[in-house]
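Please look through the structure shown here before reading on, and keep it in view while the paragraphs below take its parts in turn.

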Amino acid sequence: MTKTHRTWPCRCRVIVFLFLLFQSSSLLPAESPRVPAYQRFHQQGTQPVEAGSLLLGELNCTSCHEVSDAWAERLPVKTAPVLDQVGSRVRPQFITAMLKDPQSAKPGTTMPDLLGHLEPGQRDEAIEQLTHFLASTGTIHDTPAPANLVLQGERLFHEIGCTACHDPRREGSEPLPTSISLPTLSAKYSVTALAQFLKDPLAIRPSGRMPHLNLNDGEAQQISSYLLRDLQLPPNSRFAYFEGNWQDLPDFSTLEAKEKGEGHGFDLSVARRRDQFAIQFDGTIVIPKDGTYRFHLGSDDGSRLEIDGETVVLVGGIHPLQFKSADRELKQGEHAVRVEYFEQGGEEVLRVELEGNGLKRQPLEGLLKMPRRDPLPGETPFTLDLELAARGEQLFSRLGCASCHQLKRDGKPLPSQQQAPLLSGSNPSVGCLAEQTGPAPDYHLSGRQRADLQAALKQVAAGEPEELSAADQITTTMTRFNCYACHQRDDVGGVETARNALFMTNQKEMGDEARIPPLLTGVGSKLRPEWMDHVFNNGANDRPYMFTRMPRFQKQNVGPLSELFVAADKLEPLPAVEEHFSSRQLKAAGRRLVGAKGYSCIKCHTYGSHKASGVQSISMTTMFKRLDPEWFRQYVVNPIRFRPGTRMPTAWPEGQVLLPNVLDGTVEQQVHAVWTFLADGDKGAIPFGLGGNPIELAATDNAIIYRNFIEGAGSRGIGVGYPEKANLAFDANQVSLAMLWHGAFMDASKHWNGRGQGYQPPLGDNVLRLEPRPILAVLEDAEEPWPTGAPRESGYRFRGYRLADKLKPVFRYQYKEIQVEDFFDPTSDKDFTPVRRTVQLVSEKEVEGLWFRVISADQLEIKGNSLQVDKDWLLTVSGDIGQRVLRKEGNRTEVVVPVSWKKTAAGTYRAEIIQLYEW
Amino acid sequence: MPVFSRCLLGLLALLLLLVTEDLSAQEKKPPGEEDYYPLLTLPIPQGVVLEASALEMMGNGKLAVASRRGDIYLVENPLSPSAETMKFQLYAGGLHEVLGLSRKGKDLFVTQRCEVTRVADTNQDQLADLFETLSDGWGINGDYHEYAFGSRHDREGNIWVVLCLTGSFNSDSRYRGWCLRITPEGKVIPTCSGIRSPGGIGMNTAGDVFYTDNQGPWNGTCSLKHLRPGSFQGHPSGNRWYEITEAIGERPTDPSSGSRIMTEADRIEQFEPPAVLFPYKKMGQSASGIACDTTEGKFGPFQGQLFVGDQTFSTVMRVALEKVKGHYQGACFPFRSGLDSGSLSVMIEPGGAMFVGARTGDGVHVVDAPSPCSGLIGPVRFRLRFSMFMPSAMVLS
């Protein structure tokens, strides 16, 4: 049997100190397992069955004691941490301490002592073997906690919601009985390991009791640095410090050091002054495997990196921070590294980094090992013994660790050989629940916990569970996941008084709504179930002003919570809204209503990246995807009914309509319009009063023309704004009408402020986009398809326009020998006015086989003289035309009419065709 | 380099007057440009944003000023010494970046980004009411660089249009990088290739047409180039359009990068070398409009010479040309600096006043939004002390 030793690079004084700490804490009265909601709601003993059921899940009882499927569903468990690579996360010394006395190593832990029944000698042996086994799954890489991250980490820890479940750690903070207590974290984790855990706690603790806070790498590193700021590591480099005035790196062999010493990494703070000094660092790096690595050296001023006596990168001379890089092939194992640096004046920076062969670019300090030396007195480095580890592996299965902890070997979890009685048949006075647990796991249960568990077990023994109401199921789930730490529902839970000040905002003007997580009373009628599931799986950040984050718990953990909310909170629906307007008209009205010229929702609500002018409340672009339509309808007319104390006013106080000219002036249609507008989410048109400094072009007495790049009307777009607030864009490339819309005309700021590039969409609403294809064609017969391709190819020439009354343009173009005049005129000055189009044709010859194309659309319905297009708008055609022909054009229906020429007294031929657009 | 940035254009007039005055008062200080050619800035009425991108004299003595925002104003009494008698009137609007005006009879022929348009006032109410497309025979796609500069009518009645490339390197739309002639009937005659980024176009007294091209790929510095029909002006990106026209023959060989202009001119038959290269950052940085002195001495002793604006330096340069073996060559001279507002369009009216359509600001291509009032410049007047430049200046021309 071979015996492999692996030495731990960085144990020492700090560890010795920690052992003393464990010793002393073991003298305190032993804690019982802590479950926050149990602590908060079950200290009176009024609901022993509920309390016991909660503990059955949180103590993971059913991992050993089998239950029926129905009970398993009723008692979802908090699984134990995944131990697959625990050796790379947790220090072996901590593992030992945890095995020796869980409640001392981590007060309040739900991990039981499994080894209490062993003789003291046997017990120590088992603990040693298990420690070696668990430590064999990985290696801890220690780096010091960067001091510059600590402050940010402290801020985050106390702002984003950690302190909803954990004790605040600022000076003067009192421990709270409802907190999950934390062990001395520097005794357990390295900075990197804790940061990794914080970034994705669900990977290690999949049951979601420690939820995922959507931390980015930097934030995880900051919080980890804060929590481990007491971590003291032994020096892993030597330095020699020199003073002098150099223009380039000096020859260090000729210099005499002012000071020599040990330090950490390549730390310039050992210098005694800011300018005119030089430092030589020495250390040993441990390369994990054979391969090519890229070294990056950056400094202000010069520096040199040497590995095994050879220069790898040289950044000579005096300069601001400058990087150079080089590749070097290195064998696995130890290599001598030397870094030389000099500073003439100004800023001083030194960065030594490596990447490659599977490693991300990182500081080389992370691979530094202390140069070989004698151990310090009292230092007990951990040395991995594979033989002990192999025996530990067997114990892991035999003692029942594997019943709760997943630990995969070769992709398969180790099995547990522990056998426990069925939960329904277990004797509540022996085993885990007895005063003396004997060979059974010892949870250090309190007397009340024991009693509650016994009460719950009686229910389990009595048969299958009774059905719970949706409300009770919600309470159970919110209890398990400690949702009540932040949220109140039906007068239960909510932020505890002692923690209230820890919930903060940057929008104090908004009051508690800005800082206290939302009330969940009635949430099942407010939020769409799919949005709730989205939040469970992704967390939420829809209230950027609220510092506390809604973390991820995972749908698989919280189960059917969204459906339960919906079932419990259903609202009595109002009668359905009658559809009097097209969706485009509703959107146009909705946009107007939320904007500065309407009810000014934009004063307090942001709109995507557009800031509100007052407080920066939740973005309007998120409302449609989050909110239930029925709830929205009822909420906006009476917010206080749903959110007591809210500062949200209603735009329709007591059912009054302050803008009676919008739509039909009813509350119902206006609310419907706002909702329809919000349905566009972040693709909606920006409400009036937000965004940039538009140069709004507007027709007052006369029509106004804007020739430019118009989105939807091409590079030769001709926009026309009419005083009646109808607008159109003609595409001169396609010689055809491209768009009609209502309201505001165009914003010229893009073209006039910039270099004139890019396409500008209409500024107004209710945009009707038409297929930009010419309206006339000579066809062989009614079967011949309408010509495609560039109009120029089929005989069209754009000829400009003349201005008629009120400067309204008459577009002029030519098709073969036919001169066309195409004129548009709004028929009223009311909202959403129709537009009449008059097409006049003149020709010397009677052009035969001339057809006029009325429309081509997905859906057409004949309504009297008119066509209803796409169930949305009306088109009426009249004038010198023959019988209407409906024909197929791909999947669409095309309507064409033959043109009937009229001979004039002068011998020329004329025809007039009129189309009325009502949209 | 784009000739138009979005700074406001002011309108400056360089006005030459013959004055006889007693010089004794100023004997101590040698006279400078401002003593010969004082500046006068037209008083622009409030509310008018003039980005004076093209200039033309109407038959009735009114000055037509086009703006980059697409308006055309008529200025009554533009040479009046007093602001009160000068009158601005909006004549037409809604056009797409006007960079060329040419009057024929009572009509204005307007070159805008998208087309050459005949603009007329058919009912004589002082407001244009007819916008007739003469030609839209080129492509545009929404790129900022795709400008179109139009000349005045040539002797045959054609308008010459120089079309900027798509960006600096590409020709994504039809005839980008070409010069087209538009006949009175609206026919398109492809005339030259090889254009990069024009800043202005104009004619000399012989009727030959020149344009300014700007520093950038294939153009080491800004230059004045002769649009000899059939010629290639040096930037090969637009040469793909030889595929669709035979008007100027075969596609020329592409020039070799890193070579020299005269080497390439010897090698490539169609290559027309620049008539004048403006020393970069010495004479200017973005050459713009071109005017020819046809005043027979009313503007000074420069009959037949060309005057070229520079946007960045806010100057007007003078160019003297001669034709040697069929190709133009010549020299450039500083003429008038201190316009302080970026010179764009340049025109000399028959009475001997030079108008410079200028943008305001610090004379560089800026990306900031313009301040709305910076377009208003107070009047300055040019005065010429005729006797002072007689001996040396005359010899040069």
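What follows is a walk through a predicted model, beginning with its confidence scores and ending with the place where the chains touch.

The scores for the model as a whole are an ipTM of 0.87 and a pTM of 0.68. For chain B, the mean pLDDT is 82, and 82% of the residues of this chain reach 70 or more. Two stretches of chain B call for caution: over residues 1–26 the pLDDT stays under 50, although the model has 105 contacts beyond four places in sequence for them, and over residues 361–397 of chain B the pLDDT is likewise below 50, with 77 contacts in the model beyond near neighbours in sequence. Where pLDDT is low, the predicted coordinates should not be read in detail.

Chain A has 919 residues, of which 42% are buried, and its secondary structure comes to 26 helices and 37 strands. Among the contacts in chain A that join residues at least 6 apart in sequence, 67% are between residues at least 24 apart. Chain B has 397 residues, 51% of them buried, and its secondary structure consists of 3 helices and 24 strands. In chain B, residues 24 or more positions apart account for 60% of the contacts with a separation of 6 or more.

Within chain A, a single residue can serve as a starting point. Gln39(A) has its place in helix α2, which covers residues 36–41 of chain A. Is Gln39(A) buried or exposed? Gln39(A) counts as partly exposed because 16 other C-beta atoms lie within 10 Å, a number that falls between the 12 or fewer of an exposed residue and the 20 or more of a buried one. Leaving aside residues up to four places away in sequence, Gln39(A) touches Arg34(A), Pro177(A) and Thr178(A). Of these partners, Pro177(A) is 138 residues from Gln39(A) in sequence, while the two C-alpha atoms are 6.7 Å apart in space.

Elsewhere in chain A, two helices cross. The axes of α21 (residues 583–594) and α25 (residues 667–678) of chain A come within 7 Å and cross at roughly 95°, and that angle is why α21(A) is described as roughly perpendicular to α25(A). On the side of α21(A), the residues that make the contact include Leu586(A), Ala589(A), Gly590(A) and Leu593(A), and on the side of α25(A) they include Ala673(A), Val674(A) and Phe677(A). Taken together, the residues of this contact of α21(A) with α25(A) divide into 7 nonpolar, 5 polar and 2 charged.

Turning to chain B, one sheet can be followed strand by strand. This open sheet of chain B is formed by 4 strands in the order β3-β4-β5-β6, with antiparallel pairing. The edge strands of the sheet are β3 (52–57) and β6 (87–92) of chain B, each of which pairs on one side only. Averaged over the sheet, and with direction ignored, neighbouring strands are turned by 25° against each other. At one edge, β3(B) is joined by 5 bridges to the antiparallel strand β4 (residues 63–67) of chain B, and there Glu56(B) stands opposite Ala64(B).

Another part of chain B is centred on β13, which spans residues 179–182. In a regular strand the side chains alternate between the two faces of the sheet. In β13(B), Cys179(B) and Arg181(B) point one way and Leu180(B) and Ile182(B) the other way, and all are buried. The strand β12 (residues 159–163) of chain B is joined to β13(B) by 4 bridges in an antiparallel arrangement, in which Val161(B) has Leu180(B) as its bridge partner. A further antiparallel pairing, over 4 bridges, links β13(B) with β14 (residues 188–192) of chain B, and here Ile182(B) stands opposite Val188(B). The hairpin of β13(B) and β14(B) has 5 residues between its strands, and in it Gly186(B) takes a positive phi near 90°.

The last step is the place where the chains touch. How many residues of chain A are in contact with chain B? The contact involves 23 residues of chain A and 24 residues of chain B. On the side of chain A, β19 (704–710), β20 (714–721), α26 (749–753) and β26 (796–803) each supply at least two residues. The chain A residues that touch chain B divide into 10 nonpolar, 8 polar and 5 charged. Strand pairing also crosses between the chains: 3 bridges join β26(A) to the antiparallel strand β10 (residues 130–135) of chain B, and Tyr801(A) stands opposite Phe131(B) in β10(B).

Technical notes: Residues are numbered from 1 along each chain as its sequence is written. Chains are lettered from A and ligands numbered from 1 in the order in which they are written. This is a predicted model: local features need pLDDT of at least 70, side-chain atom pairs count only at pLDDT 80 or more; totals for chains, interfaces and linings use all residues. Two residues are in contact if their C-beta atoms, placed from the backbone, lie within 7 Å. Two strands pair if DSSP finds at least two bridges between them. Axes are lines fitted to C-alpha atoms, for helices over the stretch in contact, and angles run from 0 to 180 degrees between N-to-C directions. Ala, Val, Leu, Ile, Met, Phe, Trp, Tyr, Cys and Pro count as nonpolar, Asp, Glu, Lys and Arg as charged, and the others, Gly among them, as polar. pLDDT is the predictor's confidence in each residue, from 0 to 100. Angles under 35 degrees count as roughly parallel, over 145 as roughly antiparallel, 65 to 115 as roughly perpendicular and the rest as oblique.
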